[in-house]
Amino acid sequence: MAETSFEEFEQRGYCIVPASNRDALASLRVHIRDVAFKLIGAPAGDVDIDLNTLHKHFATPEQSTQFRLELTKAIIEHKDVGAAVFEAFNEYLPRLVGNDVLSQRVPNVVFQPPGDPHPTELHRDAPANSPYEVVVWLPLVDCFGTKSMYLLDRRSSREALAVYRANPEDRAAFQSVLESQSVQLSVPYGSALLFWPALFHGSVVNAERESRLSLNTRFKNLFAPLGMKDPFRYFSILHTSPLTRMGMQFQREEA
Amino acid sequence: MNKRHYLGVTLAYASAVNPEPGIQRAPTLEEQTRALALAANRQGGVLVKPVVTARQNEGLDPGVLAMIDQLGADAVILLTIDSLRCGDTIDGVLLQSIWDHTGRIDLLIEDVRLTDDASFSNYLYMVAAMNEVRQRDSSTEWSELIASWDAE
């Protein structure tokens, strides 16, 4: 990771970085498109057009939601998606989480057709997630304007939380912080947004003419503090270093 | 082809109510047994009777190993890895022994199937690491370290 991106990440709680392994990312995107079109039962064409026009295959928001749920299950059947994401951004992620890595077992798929009435509500992941995780938000199409997501950086998230805690009933004050300080991000395909789970974030109704299809998934160090989520359901080991394996085997045999 | 014979392990929850967020009540032992039987069938196996029951937060009695031998089970299916958990610690030694007896362990809630030495070994690393992490996270020393940390 360029040192500037690291500094940004620590200062703001997020950064946008280009894939360090474009081939791994391209392979993942084609895999997801292929699985999606198999579910739809339509012939695949140009991957960028296929994904940007995905909404044309669904008549109602309910159909889109059902498709998203099926896609979430299907994409992990024959591919370790977490491993593919880690590989695509392998210049950055090991420097954030180290070499002993837990990967979210089932990455989240977000599909927001134009005008879909169910954007992601404002929330933050931590708590319940551990604040020692990194979220990788990976657009599979160019995401800009309302097709993308917004977030509040570290300082603004802290301020928003203080406003909320001071007066939980005052929605106007909270909304004011949100509207004045949230950043609508442009993240082109080929890049990912890496962000800290304690940042407030969400999305609005996609008013663009194209679909948004994105993944989000989380990584943390194997030995980092846990959040409230059960690690055995939520994570699996992606990597361990040789030294860690040797140390654990030693403990098992001699402790 | 012979069917795999699964010994089932249910979990007697300490409270019948709300074992975790989003779940209205804990499943009864009968419901768990039916679910384990269905899961065993889906894996091409059969659940042998009787099932063994662990008590939540007390761990599983090592007598399960004798049951495996008596019933001729060649696999174990646990409702959850929490069946082997006592406080912050999952009993990795018993997990290893179950593996040595059967070479096949399924975990229903976690949707995990350990089918070879590599997958088991990887899972055992996870168990060992989570034991260490949970004990550290809940320790007074860790709380004091976090309270005194000043990164900025």
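What share of the contacts in chain A with a separation of 6 or more is accounted for by residues 24 or more positions apart? In this predicted model, the share is 86%. For chain B, the corresponding figure is 69%.

The secondary structure of chain A comprises ten helices and ten strands. Its C-alpha trace extends over about 60 × 50 × 35 Å along the principal axes. The radius of gyration of chain A is 19 Å, which agrees with the value near 18 Å that a compact globule of 255 residues would have. Of these 255 residues, 49% count as buried. The accessible surface of the chain comes to about 12,000 Å², and carbon and sulfur atoms contribute 52% of that area. Chain A carries 26 positive and 31 negative charges, whose mean positions lie 2 Å apart.

Chain B contains five helices and seven strands. Read from the N terminus, its elements follow the order β-α-β-α-β-β-β-α-β-β-α-α. The C-alpha trace of chain B spans about 65 × 35 × 25 Å along its principal axes. Buried residues account for 40% of the 152 residues in this chain. Chain B exposes about 8,100 Å², with 51% supplied by carbon and sulfur atoms. Its charged side chains number 12 positive and 22 negative, and the centres of these two sets are 13 Å apart.

The interior may be considered next. The largest nonpolar core holds 54 residues, and A:Phe89, A:Leu194 and A:Phe219 are the members that touch the most others. Helix H2 of chain A, covering residues 22–40, gives the most to this core, with seven residues. Another core, of 44 residues, lies apart from it; among its members are A:Phe232, B:Leu60, B:Leu124 and B:Met126. This second core thus includes residues from chain A and from chain B.

At the surface, A:Arg171 offers an example from helix H8 of chain A, which covers residues 171–181. Its relative accessibility is 69%, and A:Arg171 therefore counts as exposed, since the cut-off for that class is over 50%. A:Arg171 and A:Met149 are separated by 22 residues in sequence and, from C-alpha to C-alpha, by 21 Å in space.

Several details of the backbone also merit attention. In chain A, the peptide bond from A:Ala126 to A:Pro127 is cis, with omega near -20°. A:Pro127 lies in the loop that runs between strand E3 (108–112) and strand E4 (133–139). In chain B, the bond from B:Lys49 to B:Pro50 is likewise cis, here with omega near 0°. B:Pro50 belongs to strand E2 of chain B, residues 45–55.

Chain B also provides examples of positive phi at residues that are not glycine. B:Asn57 has a phi of about 70° and is placed in the loop between E2 and helix H2 (64–71) of chain B. Why does B:Asn57 count as partly exposed? Its relative accessibility is 46%, and the partly exposed class lies between the limits of 20% and 50%. B:Asp111 has a positive phi of about 55° and is not a glycine either. This residue is found in the loop between strand E6 (105–107) and strand E7 (112–114) of chain B. At 47% relative accessibility, B:Asp111 counts as partly exposed.

Technical notes. Residues numbered from 1 in each chain as written. Chains lettered and ligands numbered in written order. Predicted model: local features only at pLDDT ≥ 70, side-chain atom pairs only at ≥ 80, totals over all residues. Heavy atoms only, no water. Helix = DSSP H or I, 4+ residues; strand = E, 2+ residues; numbered from the N terminus. Rg over C-alpha atoms; globule rule 2.2 N^0.38 Å. Buried < 20%, exposed > 50% of the residue type's maximum accessible area, 1.4 Å probe, protein only. Contact = heavy atoms within 4.5 Å. Areas by Shrake-Rupley, 256 points an atom, 1.4 Å probe, with all protein chains shown as cover. Lys, Arg positive; Asp, Glu negative; His and termini not counted. Charge placed at Lys NZ, Arg CZ, Asp CG, Glu CD. Core = buried A, V, L, I, M, F, W, Y, C linked by side-chain atoms within 4.5 Å.
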